[in-house]
Amino acid sequence: MPFQFDALSSADLPARVAKIQRLIPPQVRLIAVTKTFPAAVVRAAYAAGLREFAENKVQEALTKQAELGDLTDVTWHFIGHLQSNKTRKVLESFDWVHSIDSLKLATRLDRQAADLGRQPNCCLQVKLAPDPTKDGFDPAELMAALPALDQLCHLNIQGLMVIAPYGLQPEQTQAVFERAQALAAKIEQQGWQRITMNELSMGMSDDFELAIAAGATLVRIGSGLFGRRN
Ligand SMILES: *Cc1c(COP(=O)(O)O)cnc(C)c1O
């Protein structure tokens, strides 16, 4: 039975967090996706015990983070498509970048991370099923880019990030996540100097249980915690 969510009431938040946490094994981290929700919602989630938050738009995130500067033990994850004119801001304000979808973007982030004295944790976003609405390395392209990615010493490349296309049957979604797990294992076996595959960032409100069954270590949940976005 997939996890079901209903309309948001912030009074429910501690119960929702607890309900989702019960479905997530201890080695998997819950990242709360707060895009489109105001800073007050992030604060309520923090009060409910969450410490990892994700945003997909740079300007929206910076505005929210400015209101939440007193929450010093929060980890911020960037999960959106990253345009090259926003990379510096992302490096300054996020601990993780899940959405590295090209060697060009990785190279730019590495150079700017060096300038800024940052060492972000990163995932390589990979596209494992046709999806015109999503970015990501094609698997063959990713394999070919690994030697160059392994040279980027200012990025901690920790694993893969996958978004299952919307509207698949559960078996098809499961297959996408299993492909991600197999690809990560293949990369790990190659024994790179710097790249590790410790993390698999996959699973959202509707499919996180399938993702966990296929080895997800980071699940990114928005509407399941906060209700539907407008
Ligand atoms: C919005 C978003 C999520 C969360 O989606 P929900 O279905 O609301 O849980 C997860 N990952 C990415 C990349 C997103 O953009």
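Me: Helix axes are lines fitted to C-alpha atoms over the stretch in contact, with angles from 0 to 180 degrees between N-to-C directions. Why are helix 6 and helix 7 called roughly parallel to each other?

Reply: This is a predicted model, where local features need pLDDT of at least 70 and side-chain atom pairs pLDDT 80 or more, while totals for chains, interfaces and linings use all residues. Residues are numbered from 1 along each chain as its sequence is written, and side-chain values use heavy atoms, without hydrogens and water. The axes of helix 6 (residues 139-149) and helix 7 (residues 170-189), both DSSP runs (H or I, at least four residues) numbered from the N terminus, cross at roughly 20° and come within 12 Å. Angles under 35 degrees count as roughly parallel, so helix 6 and helix 7 qualify.

Me: What makes S205 a polar contact of the ligand?

Reply: A polar contact is a pair of N or O atoms within 3.5 Å. An N or O atom in the S205 side chain is 2.5 Å from a ligand oxygen. For the R229 side chain the value is 2.7 Å, and a polar backbone atom of S223 is 2.8 Å from a ligand oxygen.

Me: Which residues are around the ligand?

Reply: Those with a heavy atom within 4 Å of the ligand count: V33, K35, I79, I163, M204, S205, R220, I221, G222, S223 and R229.

Definitions and conventions:
A polar contact is a pair of N or O atoms within 3.5 Å; within protein, one must be able to donate a hydrogen and the other to accept it, and residues adjacent in sequence count only if both atoms are side-chain atoms. Helices (H or I, at least four residues) and strands (E, at least two) are DSSP runs, numbered from the N terminus. Angles under 35 degrees count as roughly parallel, over 145 as roughly antiparallel, 65 to 115 as roughly perpendicular and the rest as oblique.
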